[in-house]
Amino acid sequence: MRRFGRTLVTAALAVTVVGGTAGWASGESQSAVTGPPPGTAAWRADTAHGPLPDPATATPHEVARFFAGLDDAARTALVRTHPLVVGNLDGTPVPLRYEANRLAVVATGEARYASLAAPDRRILAFDPRGRGQVAEVFGDLEHAAHVSVIVPGSDNDATSHDARRAPHTGPAGMARALRTATESPLADGSVAGGSVAGGPVAGGSVAAGPVAVIAWTGYTTPVGVGLDAADGRLAAAGAPRLARFTAGLDAVGAPDPVLFCHSYGSVVCGLAARHTDAADIVALGSPGMRADTADDLRTGARVWAGRGPSDWIADVPNVSFAGIGHGADPTSAAFGARRVPAADVRGHAGYFTPGTQSLAAFAAIAKGEVR
């Protein structure tokens with residue numbers, strides 16, 4: 001009888017999540033963009049350069065080996081002939097992806113994407129299907145000693161990537177703020193407060209090396225906070241894309257990344273965790289990671305979590321019933337994640353605001369300064 005009672009309570013809470021009285025509101029149902037990049041059929045039919053790696057089945061390391069065997073003329077020809085495939089094919093050399101995506105953006109002829117083709121932009125992925133997906137690099141990815149990836153939540157896509165919004169929010173704003181913070185350590189090399197979740201920070205003598213930060217909107221995000229945000233369908237579609245993206249970083253020699261996973265993005269990270277080689281996974285403003293504990297993520301990465309005192313996500317019940325809800329609160333003691341200080345964070349989107357304890361902690365984690 002007690003078990004039945006708990007089930008009824010859980011069901012009621014799940015209905016509350018969807019109904020909107022706990023912070024969720026109505027949102028449009030989205031169709032997830034999955035599968036290989038657009039232009040794959042023409043790529044497969046191209047025999048001018050011998051057999052090309054199949055975007056649907058070739059691993060990023062196989063793709064890297066293929067491009068390593070080409071001369072400059074062949075690489076340039078593939079970029080110009082198949083920009084959408086080359087620009088989105090994980091394992092392709094980074095400079096080729098930048099050039100391919102510039103061409104792909106221009107080819108759309110759409111004003112909403114035009115700024116992404118500017119010479120100073122480093123677009124590592126661009127897919128115009130649906131609402132559009134994009135990944136942008138801030139810093140020098142080819143020579144970075146540390147790499148961080150921002151995995152955003154609802155209402156993010158290629159169209160909104162450059163949209164005006166509050167500073168230091170959205171995937172690009174978060175990435176810029178983090179990159180800037182990694183270049184401006186505190187005088188003694190410590191994090192505000194002296195530690196991160198009880199873990200001492202290495203002193204100022206540590207040679208952190210340059211940090212590259214990637215704003216990755218490489219999956220179809222929910223719109224609003226309705227049923228799409230309350231269930232795991234879009235996260236389940238996005239997780240393999242995130243795992244493959246990180247494998248692509250590994251294939252081109254980038255260091256193991258730190259994943260900063262905001263809101264619904266932490267659901268994606270939770271499902272992808274066991275399939276990535278991330279050094280750290282940081283959940284912020286998380287509704288849950290589809291796991292009961294950090295150990296259940298089955299990852300070798302260190303798992304971190306933080307939530308500000310005025311973040312509305314705290315009002316969302318941490319339940320999981322009939323596919324609704326994302327499970328345990330990652331900031332709870334029972335979950336077992338390392339805590340990120342966030343006492344001065346305002347709202348749901350303020351985690352990367354300059355001067356906050358959270359951003360200082362993120363910078364230390366990104367630079368590998370936390371033991």
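Student: How exposed is R102, going by its relative accessibility?

Tutor: Relative accessible area sorts residues into three groups: buried is under 20%, exposed is over 50%, and partly exposed lies in between, using a 1.4 Å probe and protein chains only. R102, at 32% relative accessibility, therefore counts as partly exposed. Across the protein, 54% of the 371 residues count as buried.

Student: What should I know about the model before going on?

Tutor: Two notes will help. This is a predicted model, in which local features need pLDDT of at least 70 and side-chain atom pairs count only at pLDDT 80 or more, while totals for chains, interfaces and linings use all residues. Residues are numbered from 1 along each chain as its sequence is written, and side-chain values use heavy atoms, with hydrogens and water left out.

Student: What is the mean pLDDT of the protein?

Tutor: pLDDT is the predictor's confidence in each residue, on a scale from 0 to 100. Here the mean is 88, and 86% of the residues reach 70 or more. Where pLDDT is low, the predicted coordinates should not be read in detail. Residues 187-195 are one such case, with pLDDT under 50 throughout; the model gives them 19 contacts beyond four places in sequence, a contact being heavy atoms within 4.5 Å. For residues 197-207 the pLDDT is also below 50, and that stretch has 25 contacts beyond near neighbours in sequence.

Student: Which residue forms a salt bridge with E99?

Tutor: Side chains of opposite charge can pair when their charged atoms come close. The rule used here asks for a side-chain nitrogen of Lys or Arg within 4 Å of a carboxyl oxygen of Asp or Glu. E99 forms its salt bridge with R102, and their closest N and O atoms are 2.8 Å apart. The two sit three residues apart in helix 6 (residues 94-108), so about one helical turn separates them. Like its partner, E99 is partly exposed, at 33%.

Student: How many salt bridges are there in the whole structure?

Tutor: A search finds 13. E110 and R112 make one of them, at 2.5 Å from N to O; E110 is partly exposed at 31%, and R112 is partly exposed at 40%. There is also a network, in which salt bridges with shared partners join D90, R97 and R244. Within it, the side chains of R97 and D90 meet at 3.2 Å, N to O. Are these two buried or exposed? R97 has 4% relative accessibility, so it counts as buried, and D90 is buried too, at 7%.

Student: How many helices and strands does the protein have?

Tutor: Helices (H or I, at least four residues) and strands (E, at least two) are DSSP runs, numbered from the N terminus. The protein has eleven helices and ten strands.

Student: In what order do the strands of the open sheet come?

Tutor: Strands of a sheet pair through backbone hydrogen bonds, either parallel or antiparallel. Two strands count as paired if DSSP finds at least two bridges between them. Eight strands build the open sheet, in the order 1-2-6-3-7-8-9-10, with mixed pairing. At its edges are strand 1 (123-127) and strand 10 (338-339), each pairing on one side only. Strand 8 (residues 280-284) and strand 9 (residues 302-306) run parallel and are joined by five bridges; A283 has A305 in strand 9 as its bridge partner.

Student: How many residues are in the largest nonpolar core?

Tutor: A nonpolar core is a set of buried Ala, Val, Leu, Ile, Met, Phe, Trp, Tyr and Cys residues joined through side-chain atoms within 4.5 Å. The largest one has 43 residues, and I214, W216 and F335 are among those with the most contacts inside it. Helix 9 (residues 233-251) supplies the largest share, six residues. Apart from this core lies another, of 29 residues, including L178 and F362.

Student: Where is H168, and what does it touch?

Tutor: H168 sits in the loop between strand 3 and helix 7 (170-182) and is partly exposed, at 28%. Leaving out residues up to four places away in sequence, it touches G173, M174, A177, A349, F352, T353 and P354. H168 and G350 are 182 residues apart in sequence, yet their C-alpha atoms are 7.5 Å apart.
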